[in-house]
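Colleague: Could you walk me through this one before I set anything up? I'll throw questions at you as we look.

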Amino acid sequence: MRVRFILYRRYCTSNAIFSNSQISRYARLGQIENARMVFDEMPERTTVSWNSMIAGYFQNNQPGEARKMFDRMQLRNLVSWNGLISGYIKNGMVSEARKVFDSMPERNVVSWTSMVRGYVQEGKISEAESLFWQMPGKNVVSWTVMLGGLIQDGRVDEARRFYDLMPEKDVVARTNMIGGYFQAGRLAEAREIFDEMPRRNVVTWTTMISGYVQNQRVDVARKLFEVMPEKNEVSWTAMLMGYTQCGRITEASELFRAMPVKSVVACNAMILGYGHNGEVEEARQVFDNMREKDDQTWSAMIKVYERKGLELEALKLFTLMQREGVRPNFPSLISLLSVCGSLATLDHGTQIHAQLVRNQFDLDVYVASVLITMYVKCGNLVKAKQVFDRFGERDVVMWNSIITGYAQHGLGEEALQVFQKMCSLGIPPDDITFIGVLSACSYSGKVEQGHEIFGTMKSKYQVEPGTAHYACMVDLLGRAGQVKQAMDLIEKMPVEADAIVWGALLGACRTHMKLDLAEVAAKKLIQLEPHNAGHYILLSNMYASKGRWHEVADLRKTMGAKSITKSPGCSWIEVEHKVHMFTWGETTGHPEHVMIMRMLERLGVLLREAGYCPDSSFVLHDVDEEEKVQSLGYHSEKLAIAYGLLKVPQGMPIRVMKNLRVCGDCHSAIKLIAKVTGREIIVRDANRFHHFKDGLCSCRDYW
DNA sequence: GACTAAAATT
């Protein structure tokens, strides 16, 4: 009888234990609903069941639900109270945790340690310290938590003194100290602790690996990696990132292939590594082979496409990511925000802005600058200015973002005003500031003022002019018609002229039809950027216009031999949160094809009535021969504008983006379209913004 | 059953 009773009891208990572990497992997997189901179906719940369920809600970022559960439970023990504290801390609610800490009936070392950990996490190290010294019965964990706080605060020497004070040191404490020394770049001291350790584990070895990697000693790291007794995912990943971060992609991809388990972090690093090396297909292969992806996987792959200039692919993936319901976290939000800038998808960008505000991430200076840049690149200067104005403590980067923004939009006067305000507030401008200011002068035709600022850069602001500043000056002179002086300036430059400088000269030649000098510039550009198809096409068009067919043929051959292809021209427009992409020629793929064609026809009629005649003499624009032959009416930007006229409500500007430069014919056509339809049209091409309004463009026909 | 250390594009 007695035996049977014991067996029965054991059955019930094991049943509860089983359910409790199921609750924890489901919570770990993020399936909190399943955990709740198990909990609700249990015939008898123990305190552990309640505690596991509360921990589960905290793990799944539902502190409110966790608290409800805690308030409902009857038999709370110390572990339940401690769970509440650590749960709040995991969710970043340290002051809430402190309230619990102050009101709980009794505390033990875990309660105290959690609370110290909370302050460390918030960066409030002095709070943590005072609590630590008040703590009764500190154990090795408490000491280690405090040690971590001092290290995080960058106080290595103090941390070492603290470390020496510790009554006992275990593997974790020692490993922590090693990490601290590596962070401070003190490799010898880190190594000393490692060498003297009585016991080491995988984490210790991995700390060594990543420590050496962070201090640019990849080969030393590799040696340790070879001899470490046991490796896990993290060790492999740390080693892999050592290679990807310093651009040693061959070694990285060898290691990656050898990895027994490819962690998500490792795959993400490999994608970015390949991308940095321009190997887009390899990156995509890694992406496609991943069984599990996180938000950073998506943003990494999108970034790779964007960097390579494959906007279409980037956008496709962006859309797919949203459709899959991937929720980006802070790092990927930032990354995606800059992608939104490059792709000029204002709606996506605004959505991300809203998400940042919801999480209060927008209060960061850095984030604010990225936001401003995004709005500038999306052609919404009003929003850019709003973000700028609402922010109190601005740094140089933020001032630069808004100055450069005005400059890119051709608002020279405004840019200069902001620059003056910045100077009067005593913020020292840097090299980027001057790029913005000089190009602003150039846009607004302030030749003299530009010269003056350029002259005082070094003497007044201690900023040495670089190639970019010279490029601005060449542009400035070129716009003013002083092409000869621009060429002289290039010859007098103390630094070697780069593609941007020659590009600026070419721009000047284009406007003032200086074909000889243009040829010099174009040849230089090909030399400097042999893979940029635009330069070849430009030079080829120039030769063709002079009937120099031999040279044309030669150039084509060179292009073929080097397998240089022009990225296809495409334009896109955002309508109702969706991106509509148009490539040159046709719209048959678009569901509203017929409407668009009808709109184009109507525009054609309107334009002819307004006295428009097609201009095919854009020799100095990098358009292909084929494109020239094709009807001028079907360039991708015109298709996008036609669609915009159909869809964008009256009074709202039509924003169109193009991956190449707008051709001369389209430019004059769009000016007229803006006039006859009474609409504002904003076109961002590869170089700058064009605000078309009342038959005029903000670039003053110079781009 | 609760508290500590290692990998992650701005």
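Colleague: Leaving aside its neighbours within four places in sequence, which residues is Gly 273 in contact with?

Modeller: A word on sourcing: this is a predicted model, where local features need pLDDT of at least 70, side-chain atom pairs count only at pLDDT 80 or more, and totals for chains, interfaces and linings use all residues. Residues are numbered from 1 along each chain as its sequence is written, chains are lettered from A and ligands numbered from 1 in the order in which they are written, and side-chain values use heavy atoms, with hydrogens and water left out. Contact means heavy atoms within 4.5 Å. With neighbours within four places in sequence set aside, Gly 273 touches Thr 244 and Ile 249.

Colleague: Is Gly 273 buried or exposed?

Modeller: Gly 273 sits in helix H17, residues 264-276; helices are DSSP runs of H or I with at least four residues, strands are E runs of at least two, and both are numbered from the N terminus. Buried means under 20% relative accessible area, exposed over 50%, and partly exposed in between, using a 1.4 Å probe and protein chains only. Gly 273 has 5% relative accessibility, so it counts as buried.

Colleague: Thr 244 and Ile 249 take us to H15 and H16. At roughly what angle do their axes cross?

Modeller: Axes here are lines fitted to C-alpha atoms, for helices over the stretch in contact, and angles run from 0 to 180 degrees between N-to-C directions. H15 covers residues 233-245 and H16 covers residues 249-258, with axes that come within 8 Å. Their crossing angle is roughly 160 degrees.

Colleague: What does that make H15 and H16 relative to each other?

Modeller: Under 35 degrees counts as roughly parallel, over 145 as roughly antiparallel, 65 to 115 as roughly perpendicular, and the rest as oblique. H15 and H16 are therefore roughly antiparallel.

Colleague: How do the residues of the contact of H15 with H16 divide by class?

Modeller: H15 contributes Trp 236, Met 239, Leu 240, Tyr 243 and Thr 244, while H16 brings Ile 249, Glu 251, Ala 252, Leu 255, Phe 256 and Ala 258. Ala, Val, Leu, Ile, Met, Phe, Trp, Tyr, Cys and Pro count as nonpolar, Asp, Glu, Lys and Arg as charged, and the others, Gly among them, as polar. The split is nine nonpolar, one polar and one charged.

Colleague: On to H19 and H20. Which hand does their crossing have?

Modeller: The axes of H19 (residues 295-307) and H20 come within 8 Å and cross at roughly 160 degrees. That makes H19 roughly antiparallel to H20. A crossing is left-handed if the near helix is turned anticlockwise from the far one by less than a right angle, and right-handed if clockwise. For H19 and H20, the crossing is left-handed.

Colleague: Which strands does H20 lie across?

Modeller: H20 spans residues 311-323 and runs at about 155 degrees to S2. The strands H20 lies across are S1 and S2.

Colleague: How many residues of S1 are buried?

Modeller: In a regular strand the side chains alternate between the two faces of the sheet. In S1, Cys 570, Trp 572 and Glu 574 are buried on one side, and Ser 571, Ile 573 and Val 575 are buried on the other. S1 (residues 570-575) is largely enclosed by the rest of the structure, because its buried count is six of six.

Colleague: How many bridges join S1 to S2?

Modeller: Two strands pair if DSSP finds at least two bridges between them. S1 and S2 form a hairpin with two residues between them, and Glu 576 in the turn has a positive phi of about 50 degrees. One bridge partnership is Cys 570 with Thr 583 in S2. S2 (residues 578-583) runs antiparallel to S1, and the bridges number six.

Colleague: Which strands stand at the edges of the sheet?

Modeller: The sheet is open, with mixed pairing, and its six strands are ordered S2-S1-S3-S4-S5-S6. Each edge strand has a single partner, so one side of each is left without a neighbour in the sheet: these are S2 and S6 (696-697).

Colleague: And for the whole of chain A, what percentage of residues count as buried?

Modeller: Chain A has 38 helices and six strands, and its C-alpha trace spans about 110 × 60 × 55 Å along its principal axes. Of its 703 residues, the buried share is 50%.
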